[in-house]
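Student: I have a model open and want to learn how to read it. Can we go through it feature by feature?

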Amino acid sequence: MKKIQSALISVFYKDGLDSLVKLLHEQNVTIYSTGGTQQFIEKLGVPVVPVENLTSYPSILGGRVKTLHPSVFGGILGKRDDEQHLAEMNQYNIPEMDLVIVDLYPFEETVASTTDEKAIIEKIDIGGPSMIRAGAKNHKDVVVLAAKKEYAVLENILREQNGSTTYEQRRAFAIKAFDVCTAYDTAISNYFHQSAVETPFNKDEKIMRYGENPHQSARFFGNLDELFTQLNGKELSYNNLVDVDAAVQLIKEFTETTFAIIKHTNVCGVAQRATVKDSWDTALAGDNESAFGGVLVCNGEIDKATADAINEIFFEVLIAPSFAADALEVLKSKKNRILLQLKAQPNVIEQYKSILNGVLVQGVDEGNYTEWKEAGGRETTAAEKEDLAFANLICKHLKSNAIALVKNKQLVGKGCGQTSRIDSLRQSVEKAKQFNFDLNGAVMASDAFFPFNDCVQLGHAAGIVAFIQPGGSIRDNDSIEYCKQNNLAMVITGMRHFKH
């Protein structure tokens, strides 16, 4: 335990500081300060020592230099168990600083509010980060606060521990202080690089209960309130968020009334119909077994009829742009059921994946196809074109190797995550049979090219009449020739949709 006897306070944000300052005064702490903070403390009727009394220099260069002096930094960095340090501090009349309360100029706020580079540059703090780093480096002896949200935390500690702190508490404050400096430096670097992309790790951090499994820790960086209003249910888990992201990314592909069911990031049911209720019924019919415990998403308002139907099954999350009042009453009957009102689509242009000892970054997979090349034995019909475009979008959101079978804008069979494309097709045909779908007249989408003609042969045998695939295999012609010989339609898109 170390008792705080002196404090250096220099902050931009003074909200909530008054209570802490008064407590420090009650505990006989000597307070040093500068400029506006000094005036703030004086107005509280609390004695304060101007930093100029230590440095023998006034604030100069328009306030750019006021704390950058050995009398200040020596008091922060001096080791209290080092005789040489103590002797030098005594020789040069450098007082020990046991507490450093410093925040940083509002650089990001200034960037957000103006394009005036002169004003932005003036908000690059120099002394603040230096004092914060010094206090954090010397946390064995010094408490450092780098954000106003920590004022109340320290105040409670000082009240409970009679003005003293433990090493563990000082270390915890130091870690938070280093995080503040890191984020601040990153924001400045991003500005000067004129980066168009804000890295997610600069956003709000939320500690989650656990990760993909209970023994894994997890954090989320971002502001979900920008995207959703949570109307009901428990806190979103790590796995919920992963599935919610998959659901939102899928549903934004469609403008007509569409309902989809997501399980472990793969779509297991999706349909497009004239009404939300019909879309739900048809999506569920695609695989009512996998729908258990899934994440549901729709691009239309959930009405009472749809809510009554959905209420009959167990699901984790339901996402929609709006809910009728009587529908909400039905859906809120289970308190843990998560209901999310989608206010905006995620504005993400890059994806991140942690691998090996680094991070992969890629642009998001946007679009459906770059060309529509009729390459089969006949032209696609108007209905087939709609089903093929629909199937290709679904396939894009399935794990590779991916196959989607669609009939009348309903997913009737899918295969995903298999190590061979023919296995994915076998899986999708078996799924269709399991739920008694007639595949005659259905269409097939593949996320990547057919390396052999075995997929079109098996698809044809099952009743498939039209295929869509990106092409690009040296053996594309094998599949194309089979389609020509059997009067089947095939579209080459020129756009692969791998999803690993």
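The dialogue below takes up strands, a sheet, some buried residues and a helix end.

Tutor: One caution before we start. This is a predicted model.

Student: Let's begin with a strand. Is strand 11 enclosed or open, and why?

Tutor: For burial, the cut-off is under 20% relative accessible area. Strand 11 covers residues 258-263, and five of its six residues are buried, so the rest of the structure largely encloses it.

Student: Which strands pair with strand 11?

Tutor: Look for bridges, and then for direction. Strand 12, residues 266-272, runs antiparallel to strand 11, with six bridges joining them. Phe259 faces Ala271 of strand 12. Strand 13, residues 294-298, also pairs with strand 11 in the antiparallel sense, over four bridges. There, Ile261 has Leu296 as its bridge partner.

Student: What links strand 11 to strand 12?

Tutor: A hairpin, with two residues between the strands. Check the backbone angles in the turn. His264 has a positive phi of about 55°.

Student: Now a whole sheet. What is the strand order in the open sheet of six strands?

Tutor: Read across the sheet, not along the sequence. The order is 18-23-22-21-19-20, and the pairing is mixed. Strand 18 (373-374) and strand 20 (411-415) each have a single partner strand, so one side of each has no neighbour in the sheet. These two are the edges.

Student: How does strand 19 pair with strand 20?

Tutor: Strand 19, residues 403-406, is antiparallel to strand 20, with four bridges between them. Leu405 sits opposite Gly413 in strand 20.

Student: Which strands do helix 17 and helix 18 meet?

Tutor: Ask what each helix touches, then at what angle. Helix 17 (residues 454-462) lies across strand 21 (443-446), strand 22 (466-469) and strand 23 (489-492). Its angle to strand 22 is about 150°. Helix 18 (residues 476-485) packs on the sheet and touches strand 22 and strand 23. Its direction makes about 150° with that of strand 23.

Student: Next, a buried charge. What is the nearest side chain of opposite charge to Asp387, and how far away is it?

Tutor: Lys409, at 6.4 Å. The salt-bridge limit is 4 Å. Asp387 is buried and has no salt bridge. Asp387 belongs to helix 15, residues 382-396. Leaving out residues up to four places away in sequence, Asp387 touches Val406, Lys407, Asn408, Lys409 and Val443.

Student: What about Ser428? Is Ser428 buried or exposed?

Tutor: Buried, because its relative accessibility is 0%. Ser428 is part of helix 16, residues 421-434. For a buried polar side chain, look for what its polar atoms reach. The Ser428 side chain reaches the backbone oxygen of Leu425 at 2.7 Å. Beyond its neighbours within four places in sequence, Ser428 contacts Ile403, Leu405, Gly413, Lys414 and Gly415.

Student: And which residues does Asn392 touch?

Tutor: Asn392 is in helix 15. It is buried, with a relative accessible area of 3%. Not counting residues up to four places away in sequence, its contacts are Asn368, Ala445, Ser446, Ile468, Thr493 and His497. Compare sequence with space, too. Asn392 and Leu405 lie 13 residues apart in sequence and 9.5 Å apart in space, C-alpha to C-alpha.

Student: Last, helix ends. What is found at the start of helix 5?

Tutor: Look for a side chain that reaches a backbone nitrogen. Helix 5 spans residues 83-91, and at its start a side-chain oxygen of Asp82 comes within 2.9 Å of the backbone nitrogen of Gln84. Then check what follows the helix. After helix 5 comes Asn93, with a positive phi near 55°.

Terms used
Residues are numbered from 1 along each chain as its sequence is written. This is a predicted model: local features need pLDDT of at least 70, side-chain atom pairs count only at pLDDT 80 or more; totals for chains, interfaces and linings use all residues. Side-chain values use heavy atoms; hydrogens and water are left out. Buried means under 20% relative accessible area, exposed over 50%, partly exposed in between (1.4 Å probe, protein chains only). Two strands pair if DSSP finds at least two bridges between them. Contact means heavy atoms within 4.5 Å. Axes are lines fitted to C-alpha atoms, for helices over the stretch in contact, and angles run from 0 to 180 degrees between N-to-C directions. Lys and Arg count as positive and Asp and Glu as negative; His and the chain ends are not counted. A polar contact is a pair of N or O atoms within 3.5 Å; within protein, one must be able to donate a hydrogen and the other to accept it, and residues adjacent in sequence count only if both atoms are side-chain atoms.
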